[in-house]
Amino acid sequence: MKDKVGAVLVVGGGIAGIQASLDLADSGFKVYLLDESPTIGGTMTQLDKTFPTNDCAMCILAPKLVTAGRHPNIELVMGGEIRSVEGEEGNFKVKLIRRPRRVNEEKCTGCGVCAQKCPVEAIDEFNQGLSERCAIYVKYPQAVPLVFAIDRDKCIGCGTCQEVCKAGAIEYDEEEKEIVLNVGSIVLAPGFEEFDPSLKSEYGYGRYPNVISSIEFERILSASGPYGGMVLRPSDGEVPRRVAFIQCVGSRDAKLGNNYCSFACCMYAIKESIIAKEHNPDLQCTIFFMDMRAFGKEFDAYYSRAEEEYGVRFVRSRVSRVEEVPESQNLIVRHVVEEEPKDEEFDLVVLSVGMRPPKGVEGLAKAFGIKLNKYNFCSTETFSPLETSRPGIYVCGTFAAPKDIPESVAQASGAAAKAASIIATERGKLTVIKELPSEIDVSGEEPRIGAFICHCGINIGGVVNVPEIVEYVKTLPNVVYAEENLYTCSQDTQKRIREKIKEHNLNRVVVASCTPRTHEPLFRETIREAGLNIYLFEMSNIRDQCSWVHMHEHEKATEKAKDLVRSIVAKARLLKPLKKPMINVVPVGLVIGGGLSGMTAALELAKQGFDVHLVEKEKELGGNLRHIHYVLGSEDPQERLSSIVKEVSENEKIHVYLGAEIANIEGYVGNFKTTLNHNGEKKEIDHGIVIVATGAIEYKPTEYLYKEDERVLTQRELEERLAKGEFNAKTVAMIQCVGSRNEERPNCSRICCVQAVKNALKIKELSSETDVYVFYKDVRTYGLNEDYYREAASRGILFIRYDDENKPRVSRENGPLKVLAMEPVLKTWLPIEPDLLVLSAATIPNPDNQRISEMLKVPLTKDGFFLEAHMKLRPIDFATEGVFLCGLAHSPKLIEESISQACGAAARAITILSKKALEVEGAIASVNEDLCSGCRICEALCEYGAIKMEGKDGKLVSTVLEALCKGCGVCGSSCPTGAISMLHFTDDEILAQVRAALREKKHD
Amino acid sequence: MTEFEPKIVGFLCNWCAYAGADLAGVSRIQYPPNIRIVRVMCSGRVDPVFILEAFRSGADGVLVAGCHLPSDCHYISGNFKAHRRIMMLKKLLLQFGIEPERLRIEWVSASEGDKFATVIKDMTEEIKKLGPSPLKVQVEGLIYG
Amino acid sequence: MTFEPRIVGFLCNWCSYAGADLAGVSRISYPTNIRIIRLMCSGRVEPVIVLETLAQGADGVLVMGCHIGDCHYISGNLYAERKINVLKKLLARTSLEVGRLRLEWVSASEGGRFAELVKDFVEQIKALGPSPLAGDKPDKNILAGVLAAKAAAEDFRLRLLVGREKTMIDDGNVYGEKVSEEELDKILNEVIDTEFVRNRIYLLVKEKPLSVKELSERLDLDSKTVLRHVVVMRRRGLITVDRVEGTSPLYTALEVGR
Amino acid sequence: MESMEEETPRIGVFVCHCGINIGGVVNVPEVVEYAKKLPCVVYAEENLYTCSSEGISKIKEGIAKYNLNRVIVASCTPRTHEPLFRGACEEAGVNKYLFEMANIRDQCSWAHMHEPEGATEKAKDLVRMAVAKSRLLKPLEEPEIDVTPSALVIGGGISGMTAALCLSNQGFKVHIVEKEPELGGMLGHLYKLYPTMQDASESLNHVVNSVKSNKSIEVLTSTVVKQVKGFIGNFEVTVQKANDETANFEAGTIIVATGAPIFEPVGMYGYGEYDNVITQLRLEQLLKDGQLKKPESVVMIQCVGAREKEGRTYCSRICCMTAIKNALLIKDLHPDTDVYILFRELQTYGKHYEEHYRTAQDKGVKFVKYLQEKSPRVVSGKNGELTVNVYHALLNEELKIGSDLVVLSTPLIQHEDARELSQILKVPLGPDGFFFEVHVKLRPIDFATDGIYVCGTAHSPKDTPESVSQAFGVASRAAIPMALKRLRTEAITAVVHENLCSGCGTCVKLCPYGAIEKDEKGVARVTEVVCKGCGVCAATCPERAIEMRHFTSEQVMAQALAALGRTSA
């Protein structure tokens, strides 16, 4: 066995790949993040908004992109293509080639002059071909790395970009490079490819300009998209009035061989109609669908809002054809309503395209030596959803199966946990820690400010008179040095800044150049290397917010730049060095709940060397899994359960408390103290993190004669009977959505359709003559489970739809059970006399959630499930640091999803546990206790629970938990007595900035 | 005669509005050079005192821009707080003799460079119509007196 | 009254201007219609000036330089040739006759040839008749075309390609590949097409806000293509949406200064 | 840009009768009256001959009397008379670039002798155009530069050394930079020179010794030119020695005499495969060293790698004579050896050469003409004996010539590093790779760049006397500016508006004089003394950031609009 290597290769730079990389890098591993394209970000960068919160995709993604781009332990390998993978888990040799970008990544400043001067226009793939870009380009303005690339196919080789690039970054002769990476494990997250809708020729995509794909529509909706956020149709730029969405294009389609459901399309179609209507309230949106698969957390609520609040029309019908009206280029959508063909005219048709395995998937599978399933997605099993067929190689995101963003993110964290656990011993061996000189004490010194004004090639200097600014800055109080730079961000200027700090004894540094959002970290690092505290740096944005937006007003732009620099100098004079508090971490985890999720999380923590306390209120481990006897697929859940329980019990690092209850939780990230009631004793546990895995329970129906008649069962009870061989019935009826999707619980329980199909198939397997009727509202066998739905239908299981107005009626007259169900096509009540009536009962939250949420100060949804920090990008985190979430406690989900989440929660937890001490932000709130009146306003406002009230000298004062404060400043600006100041954004600093921006004169 | 060029102070949250303003630049969307931007981490950080001080120091308009409601806020709900606060302050401004239109709150996402530019254009136009701020000194007494 | 064309001649100092002098010295007569502007080199002929001259109502423009290989400045006439080539392409997209522009080579010893060429060109222009842009009431449509062509000739992209054409054909591109005349000509045609149309759009919406449909009618171009140009122009900050009327966004020009 | 107080133009117009040359056709008084009404014209008069001394003094008087700051003469052609009138202006205190001329004789009265009315109208237009331009004229100064009296000669072969000696004899300092360790170049490898059959070394040694003993010639062997900055009179040269040491010196002029190596025909006719297939140069060395064993049959093949359909399409000029010379040398040594020369066309041009050919025929050298499309083949037998198969066009059959020595006549070609040097000097190479002169006929040894010259085989294949003649030529060309010591350069030059320039480099590439460079800020900068003022850069600049002095776009446009009777916007 070769030595293990503490590095991981992550293939695919989409949101899944980025999340996996961040988790790995944050827990002490070197990460190579590879993507074929020149930038990271994947498909999410093309999205306008995200469901169900309608967040702007770029807003929530960009900070992650920047963090990944700047992470000292993440090395981006852009334009990479895998050739071969040798070795075994713990030590792989990955051969890859790097396609030439032809722009030097070190030198390119991303200023974009090259693209402005490039004479060649090409189709902009990022905007789905709806606009043009140049032959030298970045995919999108916020791209990471912000380095341009030359499209060799389009470039005519005129040499202009090289000439205009003042940074000398263009390298035409760059050639393909072969690289060999030595890594311990591999995470595959290559994402998906959109289904090519021109293959569904009946819909006219490619022939009719006003038939577009959903991703094109996404770009149309985007404010930074081709139409600047106006909803227009491509044929003539008119505002459409009637938009049709056609679902399942390339999904659930046997003719194409894509039987599976693409998971996200129903929701994104709803989202796109809502956003479109927000753009243009007169718009009529119609969604043509087969089943509305709004199965996720809060999805059904979103679905009904679309229908009720926004007036989106939903038509349950498969569209057979789309035809163009030649004169108007409008479109006739031919569909079938109640067996009758119907034509309806629209101005624009959006095809909800499904997901396909990524391009070149066969080659990828071959290079990595992994198996694919029949649809060419990565082959996985129910109980090992993150493992590929080759040990040491893990999978996450849409490459495993179609899924949405939060599922991908959670899975990515899960894959990170898996990838880390086999090389846990190598943690920290390949990561870099920078040696820094000790900080110079500048307290009590008069401010000595050095200002560096950037030309940014011609980006600033071409508009703003930079030498004039430099001369002007020199006249400002406390400025002892000022100079101009061609590029202040270049490597040689960093050296200069350090030299000038020494030479002029600078104790504050101001850079006037581009945006602090991307460049502040670089300059902070530079002054820190020269011994200055990083908070003694400030930045003035005279490019993005001045020269670029006032290109034709040289004088006014110069005046504005002066104001901006004066204003930032005024702030700089008041800057104070801040300490980044260090918080010690107790390297121990607490997992609440001993079901499948809890056990999985505990095992992952233990495998990576951390002690775990696993608290279960029942007398035995296993939770809901104890009641599951079959899965779709070949694995035996009970066998798996016992092996997991064995593994947990035998692991020395896992301390299991059965029949235990949490009495109290105190403390904060890194330093929690929890009291347990265990066997009548109180036990105190110190731990650094908490994972909430409290699970959920099956709803006990009050409807359909449940409990009144023994022939009426829940699905779980049916499963028990099937497993025990006690099943004996000629006719079985199943009713879906019992206790869910109603007024009390508007959301879908997600797993019941799959469960019903599973049990129905089992019935057919045991007794093929038994008739099975399934009464449903929508069949939500999402993702690859769709196969089993199809199988069930082909086995003669009858699926009969009902709606809320005509629910099945169950009666018991003189013995036999009678189910009356409305046949939707015939519109008659169909009587069935089943031997068994099986109710697909809702999954409802654990009643303990309320108590635990109060102890942890974390929120619940209206339904009573735990509410994560962010529905899209932080699905297993809480806003409160150090507390994580997985399994059914989050929302109903399938086994593989719970496992992925549990592993993910462990990975997230380990980003904390793996550190001896956490460094937290220095720019946080600070309380002047003398001024605090103890009114508790701040405590109520803080979303992070970072403010705690404490009794001190007989009065109640607020204290800031440094570890939890994010520095937003909401408390500071709300404090009635002015007792809270926001460090680095103090009132004095901001006011000085405001005054200086408005006044030439020095104002104190 | 030189035209009245209003001075506008903009408080922009770091995550959405400031990023949107950057995008306007990256996309080279032009807007009038009347705004001076102060970056804060969250629109919820904007203390009413900042706004009043800006008016007192001679601002003809103040813009507060943050992440879109309801849930774009990087700090979960800071934008709601900002919104409530600005609405209250607008009423207060009237009492001070400042037209409430001089104070604006806008939601600008990181991908809305165009919107940011439009907001600045509109606001500059509107304040040009209103003319110079009626008070630059008298507020001082009210706040600090 | 017979039509007497107004012709502006741009002549290089060393060959063609000397040739014109020689025609005089040799007392070879030719029509009086030409007004000669002396330049140091035919390569100095600025496309924008030629188009402005035509826009202002010149019936013809005659550019003359040294024979290929004779240029006093080695290669200036080769650049002149490329510029006139582009000018002709641009003119072909306006409704003004391409025949109103001509490039000829005349050496210092070709007084006779000079006179013949002037005669011939005057005949050519007489056959075409007066410029629709001459006089007080120029044809608006044609003028719009010529002004769009002029604006295109000011465009960086087009000028850059014209400026690089020769270097790229002689020395190959930056990748060391040979670039053929045909290839470059194809690229040039595309750029001319787009720049011309975009400038027409710009000038049209500068007059009053127009929708894509209206633009497409005015330009006799399909609306999908017009929209693509509008998208690019909006992104470059040349035009913006003025308002939406019914279902049609109307676009208007933004002032772009230098 | 020029700093100039903006004065209101005060234009004086002098219309010449040129005896009856103009006045006989054009109504001069009418033109004068017309001119008086034009904007900014404060004075106009007619002269019988404006170019007479009387006319000149009238101009001067007019300037003084009417306080003119612009002068227009409407008469003949500026090509001949502009200097005269400019001089008059200068003497009267008006910058000479504020003078403008309207050519109403050569291009008007003489050309339209029978159309007095049309000619008069045209003359008025021409005057109006001149006034339109004149109003926009700006005063200019002609920069003056010093010339360093030293020359750089690149290449220490016979051409370079000859040029160096010639210059040093005229009192100039010379630096010879030779990349090889020894002076001598190609001549050092040759045995006898045709047509005199003199020893090459004999004439060479004499020259080498003269160079070495000459105090004003500095010889740098094993050295290459790394960088050349500046312009005529003021070149800054950086050279690099074999030990990577660099040295700098100044030079007023530069002579390129880098010579040419021969083409190595590897893979052709068994060269590189069979030991007894050699080049003419190798044969020459064997003869020189006396190492040639007596061959039974020698076959020489001409035009090997020369006069090809593509690539080396040129004739190497010297090979036919070299082959005949070497054939004769072999015949002299071994009269019974068979010598065949397989040729395509025999180029024994000029004095003495045809005579040589006849001598060779007389001595039994056999000449066989071959066709390019049926070129000879060299076949090796079992024991290594060679057979040359050649199709004889006249006999219409293939000859098989047994041979124990095959000699290939290959062309001179450009050095591999010539492209680098051409880039350092910013001078062009022709399609054949040789340095390319500015004008094939009339300026055969000049480059477009002032102060740089070419001679010898660096320019094209040539024999020793031709090389030596060119060397004398360049020495004389280079001596002129150095003897003048100071040069006045063009005032009509291009100027870059820095803030408009994006640094796209288009102008840099198209300027044939290398007058435009990008500065440290990455924007174009015109070296005024190098600029010739053609204006191509200005007309091409994609940013329209270059202005041509004295022919500004504004001025030219004003002229064109005035021609149409319109005023500029």
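When I speak of helices and strands this morning, I mean DSSP runs, with at least four residues for a helix and at least two for a strand, numbered from the N terminus. Please keep in mind throughout that what we are looking at is a predicted model.

Let me begin with chain B, whose secondary structure, counted in that way, comes to five helices and four strands. If you follow chain B along its sequence, these elements come in the pattern β-α-β-α-β-α-β-α-α. The radius of gyration of chain B is 15 Å, close to the 15 Å that the globule rule gives for 145 residues, and therefore chain B is as compact as a globular protein of that length. Along the principal axes, its C-alpha trace spans about 40 × 40 × 20 Å.

As for the interior of chain B, 65% of its 145 residues count as buried, and among the contacts with a separation of 6 or more, 80% are between residues 24 or more positions apart. On the outside, chain B has an accessible surface of about 5,000 Å², and 60% of that belongs to carbon and sulfur atoms. Its charged side chains number 18 positive and 16 negative, with the centres of the two sets 4 Å apart.

Turning now to chain A, we have 24 helices and 52 strands. A compact globule with 1004 residues would have a radius of gyration near 30 Å, and the 30 Å of chain A agrees with that; the box that its C-alpha atoms fill, taken along the principal axes, is roughly 100 × 80 × 65 Å. Of those 1004 residues, 66% count as buried, while residues 24 or more positions apart account for 71% of the contacts in chain A with a separation of 6 or more. Chain A exposes about 36,200 Å², of which carbon and sulfur atoms supply 48%. It carries 123 positive and 145 negative side chains, and the centres of these two sets lie 2 Å apart.

Finally, I would like to go down to a single residue, D:Gln414, which is found in the loop of chain D between strand E22 (405-408) and helix H11 (418-425). Is D:Gln414 buried or exposed? Its relative accessible area is 11%, and because buried means under 20%, D:Gln414 counts as buried. Its side chain reaches the backbone oxygen of D:Gly433 at 3.1 Å. Leaving aside neighbours within four places in sequence, D:Gln414 is in contact with several residues, among them D:Gly259, D:Pro261, D:Leu429, D:Phe434 and D:Ala458.

How values were computed:
Residues numbered from 1 in each chain as written. Chains lettered and ligands numbered in written order. Predicted model: local features only at pLDDT ≥ 70, side-chain atom pairs only at ≥ 80, totals over all residues. Heavy atoms only, no water. Buried < 20%, exposed > 50% of the residue type's maximum accessible area, 1.4 Å probe, protein only. Polar contact = N/O pair within 3.5 Å; in protein donor to acceptor, adjacent residues only side chain to side chain. Contact = heavy atoms within 4.5 Å. Rg over C-alpha atoms; globule rule 2.2 N^0.38 Å. Areas by Shrake-Rupley, 256 points an atom, 1.4 Å probe, with all protein chains shown as cover. Lys, Arg positive; Asp, Glu negative; His and termini not counted. Charge placed at Lys NZ, Arg CZ, Asp CG, Glu CD.
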